[in-house]
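Thanks for coming, everyone. Let me put the structure up, and then we can walk through it together.

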Amino acid sequence: MGRAPHPQRVWPSSPDVHYILPSDTLEKQRLELQHSLLRRALCDGKSVLPPITLKPGDKVLDSGTGTGSWVMLLAKEVSPSISLTAIDIQSTIFPKSFPKNVKFSIRSVTELPGEWTDSYSLVNQRVLFAALTESQWSAALSEIYRVLAPGGWVQIIEGAAISTHMGPYSERIGNILDRMYSHKGLLIDVAKRLPGMLRREGFINVHSETRAVPLGAWAGTVGLEHRDDLVSVYSAMRGPIFKADGFGLVSSEREYDDLLDGLAKEWDNGRGVSASRDWTAIYAQKVRDSNVSQRSI
């Protein structure tokens, strides 16, 4: 039997936007499931990772908020007197209703308002390794440092490349992704680079923890959710992949669908090779003394 046609997807459109995933209803659903998965498998059910207690009057920034899943949950956990700001490059998948202390706006983390300097006690950002080039990462971290209040914290979650040791399908999709990230100028290994990048920007008390989150039916519910999330991601990436003629590595959408089917089965049977993907949670602090040069630390 033939496969159903793939739905038309909607991508952010701007010359300086390099994001390789759509911004539409299907992506909204996927991001909400991914948020739940990472909260359980990587963050131990916590919204706030660094050693900070948010107090009435504090301000929090959610950078690259997407669906707003993180900031909407935090709003239920903290005092309504805490101001929560959520930004993204497009508003397509913002929630339609939200508490009075939550504000959504269209902005890029690479260029935040000047009046935000020294304002935020906490900045949250996650999974932008499919969105930012190296120069944009530098700009983003510089801007985050600037808008944090002295002594404030940033927390970042990022994924890693698929390990090719899991089998031939993993190796093949890994090669395609390497080519696409290189073509777009994106940093597929940014999770490993971030601690050093944060220190160079002036952050102190940098903490990084990487966990191998299992993939496939062999690992139960978490493995199935993780498998479905990543297969959905790679399916959604077909747009930029075939815009570049498959990078000479895949010749048709049918061939690509077969690759994804094989990938899912490879992970489902991956107990012997511990099929997994690394996710990294990082947090770091801005120096308390605003007179100390950030790059002298």
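At what angle do H6 and H8 pack, and how far apart are their axes? Before I answer, keep in mind that this is a predicted model. The angle is about 165°, and the axes are 11 Å apart. H6 and H8 are therefore roughly antiparallel, since angles over 145 degrees count that way. Their crossing is right-handed. On the H6 side, the contact uses Leu224, Arg227, Leu230, Val231, Tyr234 and Ser235. H8 brings Tyr256, Leu260, Leu263, Ala264, Trp267 and Asp268. By class, that gives nine nonpolar residues, one polar and two charged.

Stay with H8, residues 253-268. It also packs against H4, residues 168-184. Here the angle is about 130° and the axes lie 8 Å apart. That makes H4 oblique to H8. The crossing of this pair is left-handed. From H4, the contact takes Pro168, Tyr169, Ser170, Arg172, Ile173 and Ile176. From H8, the residues include Tyr256, Leu260, Leu263 and Trp267. Those four H8 names also appear in the contact with H6. The H4 and H8 contact residues split into nine nonpolar, two polar and four charged.

Now back to H6, residues 220-236, and its pairing with H1, residues 25-41. The two axes come within 10 Å and cross at roughly 140°. That makes H1 oblique to H6. H1 passes H6 in a left-handed crossing. H1 offers Arg30, Gln34, Leu37, Arg40 and Ala41. H6 answers with Val222, Glu225, His226, Asp229, Ser232 and Val233. Count the classes and you get four nonpolar, three polar and four charged.

Next, the sheet. Seven strands make an open sheet with mixed pairing. Read across, the order is S3-S2-S1-S4-S5-S7-S6. The edges are S3, at 102-106, and S6, at 204-214, and each pairs on one side only. On average, neighbouring strands are turned by 15° against each other, ignoring direction.

Look at S4 and S5 within that order. S4 covers residues 120-126 and S5 covers 148-159. They pair in the parallel sense, over six bridges. If you want a landmark there, asparagine 124 stands opposite glutamine 155 in S5.

Which helices pack on these strands? H3, residues 134-147, lies across S1, S4 and S5. It runs at about 145° to S5. H5, residues 190-201, touches S5, S6 and S7. The direction of H5 makes about 165° with that of S5.

One residue in H3 to look at is arginine 146. What does it contact, beyond its neighbours within four places in sequence? The list is Leu112, Pro113, Gly114, Thr117, Asp118 and Lys286. Tryptophan 116 is 30 residues from arginine 146 in sequence, and the two C-alpha atoms are 8.1 Å apart.

Last item, the record. An unreviewed UniProt entry annotates residues 60-152 as "domain: Methyltransferase". In the model, that stretch is 25% helix and 29% strand. Its end C-alpha atoms are 10 Å apart.

To recap the helix pairs: H6 and H8 are roughly antiparallel, H4 is oblique to H8, and H1 is oblique to H6. Over to you for discussion.

Technical notes:
Residues are numbered from 1 along each chain as its sequence is written. This is a predicted model: local features need pLDDT of at least 70, side-chain atom pairs count only at pLDDT 80 or more; totals for chains, interfaces and linings use all residues. Side-chain values use heavy atoms; hydrogens and water are left out. Axes are lines fitted to C-alpha atoms, for helices over the stretch in contact, and angles run from 0 to 180 degrees between N-to-C directions. Helices (H or I, at least four residues) and strands (E, at least two) are DSSP runs, numbered from the N terminus. Angles under 35 degrees count as roughly parallel, over 145 as roughly antiparallel, 65 to 115 as roughly perpendicular and the rest as oblique. A crossing is left-handed if the near helix is turned anticlockwise from the far one by less than a right angle, and right-handed if clockwise. Contact means heavy atoms within 4.5 Å. Ala, Val, Leu, Ile, Met, Phe, Trp, Tyr, Cys and Pro count as nonpolar, Asp, Glu, Lys and Arg as charged, and the others, Gly among them, as polar. UniProt positions are given in the numbering used here, feature names are shortened, and annotations may be inferred rather than shown by experiment. Two strands pair if DSSP finds at least two bridges between them.
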